[in-house]
Amino acid sequence: VNLYSSKPSFLFAHTNTAQPTMHYEETSQATKWQLTSQHELNALREHANRRARDALACDTSTSSTVDGADGAISQNGEDSSAQPPPQPLQINLEAFGFSATRGERPKQIDEDDNNSPTDVPFIQETDPNYGPTLTSTSHPLLSPADESLLLTFYCSKIPLLIGPHATLPRCRRDAKVAATASLLFRRFYLSNSVMIHDPKCMLVAAAFLATKVEDCMIDVRYLELGTKEMQAPVTQNEILEAEIQLLKGCDFDLLMFHPYKTVLSYTEDLRTYLKSEKGRGLVVFEDGEGGVGVVQQHQQRQIVGEDLRPMHDAAMKMCDDVIVSDIPLMYGPGEVGMAALVVASENVCDNSSAAGGGANDDEDAAKRKHHPPKINITGYIQSRFHDTNELELTVDAATVESVIQRVTKLCKLIRELKDGKHGCGNHKVDMEQLKGVHKKLKKCRAWGPPVEKKKKKKKRKAEEDVVAS
């Protein structure tokens, strides 16, 4: 576990036995993909949405195309320049790369980033710079907020397709596969729109590509079966075609890191450090026999690995919510892992106190004896990384304080994931609003079959029959 002084963030070294140590701050995830603020994230999505709206709002009368040069003669000898029949709107369905969309400008870190707002609204239709709102056929186009809602919903379905909680047993893989798929999905739609590229196909393509990235390949047929189990079938051909577009949209950049290993690394470091002279003062045990709230002296016993297990498991579950949210696009895995441990430590102690507050039987008394200790994670950050010199990197007090501020802000975001905020679709999704957005998407999308109006035709025919009778 390392704290780098060059940036106010937790950055860790990824060690591989076959490769030299790689510093996280040197990877593309830190230098290219990690956004600086919610404002920058919204700006990218608004740009992708505007580009799609401009394409879909073009006049179809000027979009008809003729094969060959102007005035060319067709095979049957007729002059092809004489008023060709109207053709559907020609829209570029190729994926836009992230670098071309964002530009090669250097990343600028806001000095007051810790106080920047987290709930930044999207541009509204009333804004004079908003752009077109209707398609060429007068159907309403999706707004950036509509697209964000759809991305939240579809991204939350990735762990049900691939990962330890997959619906189909043959699609069950490690949690890092679901995290990789979610990040690939999120990255693609930083420069592309759901109105141009089917999010359902991209979701499955991201899962398929993630198994290759994480070296746990899966047969594409199993993913096809998995989509059928989820009542949202996607064919093999659609998956393979979407995978090519996904790679283009992500600039063929497949290196990424996730907070799961970070949580494990910090837990292992805590288990060792809290036994040291400095670390002992950061742990407070509660006396189960004397009742909750009676504090023992920390010198009475050393902390053991089992004391940290509840905090570790709770942090891992929080990471399951984090990976499907917008948080990995703006914070490094080291920051996320540390913030998850802070929130998990608070929750575990609070839940344990509430569970054992009024118990009198032997079972609850036994639980109180094994009451998890209170660990000062903030104190751990200050004492563990202050004035250290690991891998020739010296960390000063100002950097540590800046990291604590970022982690504190991130803790607030992680707590709010339970309320369905910050792009987390695992909790409190407004299904009525989602259905409305889906209806809009069916009428303005550039992919998929055209919407048939069978119901209206049947209703009109029934009315005509009534009038005729």
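**Packing of α6 against α7 and the nonpolar core**

In this predicted model, the axes of helix α6 (residues 175–188) and helix α7 (residues 199–213) come within 8 Å and cross at roughly 130 degrees. Angles of 65 to 115 degrees count as roughly perpendicular and those over 145 as roughly antiparallel. The crossing angle therefore makes α6 oblique to α7. The crossing of α6 past α7 is right-handed. On the α6 side, V177, T180, A181, L184, F185 and F188 make the contact. The α7 side supplies P199, M202, L203, A206, A207, L209, A210, T211 and V213. By class, 13 of the contact residues are nonpolar and two are polar. None is charged.

The largest nonpolar core holds 107 residues. Within this core, I162, F185, L223, I327 and Y380 touch the most other members. Helix α7 gives the most to the core, with ten residues. F185 thus appears twice: in the contact of α6 with α7 and among the core residues that touch the most other members.

L223 has its own set of partners. Leaving aside residues up to four places away in sequence, L223 touches L161, I162, C171, V204, A207, F208, I218 and I239. One of these partners, I162, is also listed with L223 among the core members that touch the most others. Another partner, A207, belongs to the α7 side of the helix contact.

Across the whole protein, there are 18 helices and six strands. Of its 469 residues, 46% count as buried. Among contacts with a separation of 6 or more, 75% join residues 24 or more positions apart.

Conventions
Residues numbered from 1 in each chain as written. Predicted model: local features only at pLDDT ≥ 70, side-chain atom pairs only at ≥ 80, totals over all residues. Heavy atoms only, no water. Axes fitted to C-alpha atoms, helices over the stretch in contact; angles between N-to-C directions. Helix = DSSP H or I, 4+ residues; strand = E, 2+ residues; numbered from the N terminus. Parallel < 35°, antiparallel > 145°, perpendicular 65-115°, else oblique. Left-handed = near helix turned anticlockwise from the far one by under 90°. Contact = heavy atoms within 4.5 Å. Nonpolar A, V, L, I, M, F, W, Y, C, P; charged D, E, K, R; others polar. Core = buried A, V, L, I, M, F, W, Y, C linked by side-chain atoms within 4.5 Å. Buried < 20%, exposed > 50% of the residue type's maximum accessible area, 1.4 Å probe, protein only.
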